[in-house]
Amino acid sequence: MKPVKIGLLGLGTVGGGTATVLLRNAEEISRRVGCRIEIIHAAALGIDSQTILDPAKVTLCEDGNAVVTNPDVDIVVELIGGYTFAKDMVMKAIENGKHVVTANKALIAVHGSEIFKAAQEKGVVVAYEAAIAGGIPIVKAMREGLAANKIQWLAGIINGTGNFILTEMRDKGRDFADVLAEAQALGYAEADPTFDVEGIDAAHKLTILASLAFGIDLQFDKTFTEGISKITQDDVCYAEELGYRIKHLGIARRTEKGVEMRVHPTLIPEKRLIANVDGVMNAVLVQADAVGPTLYYGAGAGAEPTASAVVADIIDIARSMNVKAEDKVALLGYQPESIEDTPVLAQNEFETSYYLRMLAEDRPGVLADITRLFADKGISIEAVIQKEPQEGQTCVSLILLSSKVVEKNMDEALVQIEALDSIQGSVTKIRMEHLG
Ligand code: HSE
């Protein structure tokens, strides 16, 4: 079989890792595929000074346009990142009849529908395994391994930087800013680290996971996003005292009213396997009707773990080069005409339990007032901790865990509680999931 020819866009962390893995494992890969996979053209700024590619075998240039229009290229691998130039390159590659492999979660979450439509019309594949949870083959698992199931919900730790920060805060009592700086130095954080700590990166990935799980359009703009920058050392410690850990989760759930898509800090029972996924590692827990829960764990970032997913996509495309487009696995795992227009629920319609922390005056009747206001909204309290007042203080920290409730009802109760004379400041609210 003649070799499959690759055009590579971007030679940063993931681009460099992809070139390394393709070169190092060339023999093993060709034993699997039945032909060689060769990088024949690569583009990156300042490419001459940074590449491990052999200029005798690979055309090196700075202009991506030359790669996506090269008639000899079969697969364009987009590892540039961002929405603008990367989108232009991907659309041009498709127009030129190239298959595309990308690690670009922002591009797929925001422009995926348009890109997939163009690819379907042209009969080419757009593969994006590396866009979610780095090296974990979660797209493969959901699109193929779980294809027999109706997926009910999934919950994932899908941002390594955020998980590293929360883990260090819990284990070492370290400061938020200090840990973030270390994650940046280690190369895990996004170019703009607010993407990590404010949950945007996780929301990109969650958007794609929800589409794969439920066969719905990619709708990044409807994914609720809350970051971890307001999580305090106190909350981490109180959660621990109550038998929970705080994780930054992406959650997608099918309900009778529609689909929930949300990224936020979440208390989860410490005995769950996923609660013990620490540091920069990622994990996705999928609850499906036939198989039950399955958990996928691995490195969510880094040069070679991400390259592992990129190269697996290249191999997948190479293996099915001669298969007609309509006979291949659909890009979202559902036939394009079967993608459903299921409503995506707004924040005030989410149903979950809560961890609540407030500063209350230490006098008789305060707790009774609070629980009465919760009871009026049908909210039951599952656990309470009251800390003794510090010397010279009249207020105490009250920590409550609630039953499952619609968010609108919880927010209405909290407005009334915050208005009580006995409550100081605002109530800290962190959602809680049992993942049972
Ligand atoms: N910034 C991302 C993370 C990189 O920390 O998980 C992988 O998408």
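# A tour of the cavities, the pocket and a domain interface

The second largest cavity has a volume of about 40 Å³. You are looking at a predicted model. Start the tour at this small void by selecting L22, A26, I29, S30, R36 and I37, the residues that line the second largest cavity. Now colour helix 2, residues 26-33. Helix 2 supplies 3 residues, the largest share of this lining. By class, the lining of the second largest cavity splits into 4 nonpolar residues, 1 polar and 1 charged.

**Next stop: the largest cavity.** The structure holds 2 cavities of 30 Å³ or more. The largest has a volume of about 70 Å³. Select L166, T167, R170, V236, A239, R245, I246 and K247 to show its lining. Three elements each give two or more residues to that lining: helix 8, helix 12 (233-241) and strand 9 (244-254). Here the classes are 4 nonpolar, 1 polar and 3 charged.

**Colour by domain.** Before moving on, give each domain its own colour. Domain 1 covers 4-135 + 303-338, domain 2 covers 138-299, and domain 3 covers 350-432. Domain 1 is thus written as two segments of the chain.

**Now the largest pocket.** Its volume is about 900 Å³. To centre the view, pick V14, I80, G81, K105 and E190; of the 40 lining residues, these lie nearest the centre of the pocket. Then show the elements that give two or more residues to the lining: helix 1 (13-24), helix 6 (105-122), helix 8 (160-172), helix 10 (194-197) and helix 11 (200-214). Which helix gives the most to the lining of the largest pocket? Helix 11 does, with 3 residues.

Keep the domain colours on. The pocket lining draws at least three residues from domain 1 and at least three from domain 2. Switch to colouring by residue class and the lining divides into 16 nonpolar, 17 polar and 7 charged residues.

**A salt bridge to pick out.** Select K87 and E114. They form a salt bridge, with the closest N and O atoms 3.0 Å apart. K87 sits in helix 5 (residues 84-95) and E114 in helix 6, so the pair ties together parts that are 27 residues apart in sequence. Helix 6 is already on your screen, as one of the elements that line the largest pocket. Across the whole structure, a search finds 32 salt bridges.

**Last stop: domain 2 against domain 3.** Hide domain 1 for a clear view. The C-alpha centres of domain 2 and domain 3 lie 26 Å apart. How many residues of domain 2 are in contact with domain 3? There are 20, and they meet 15 residues of domain 3.

The two domains bury about 1,600 Å² between them. Carbon and sulfur atoms account for 64% of that area. Select Y238, L242 and L267 on the domain 2 side. These three supply 37% of the area that domain 2 buries against domain 3, more than any other three residues.

Charged pairs are found here as well. Between domain 2 and domain 3 the count is 3 salt bridges. For another salt bridge, select R431 and E226 and draw the distance. The closest N and O atoms of R431 and E226 are 3.2 Å apart.

**To retrace the route.** Go back through three selections. Show L22 for the second largest cavity, R170 for the largest cavity and V14 for the largest pocket. Then end on Y238, one of the three residues that lead the area domain 2 buries against domain 3.

Key: Residues numbered from 1 in each chain as written. Predicted model: local features only at pLDDT ≥ 70, side-chain atom pairs only at ≥ 80, totals over all residues. Heavy atoms only, no water. 1 Å grid on protein atoms, 1.4 Å probe; cavity = no way out; pocket = protein on both sides within 12 Å on 5 of 7 lines; lining within 4 Å. Points joined across faces, edges and corners; volume = space filled by probe spheres on them. Helix = DSSP H or I, 4+ residues; strand = E, 2+ residues; numbered from the N terminus. Nonpolar A, V, L, I, M, F, W, Y, C, P; charged D, E, K, R; others polar. Domains from an automatic or database assignment. Contact = heavy atoms within 4.5 Å. Buried area = accessible area lost by both parts, 1.4 Å probe. Salt bridge = Lys/Arg side-chain N within 4 Å of Asp/Glu carboxyl O.
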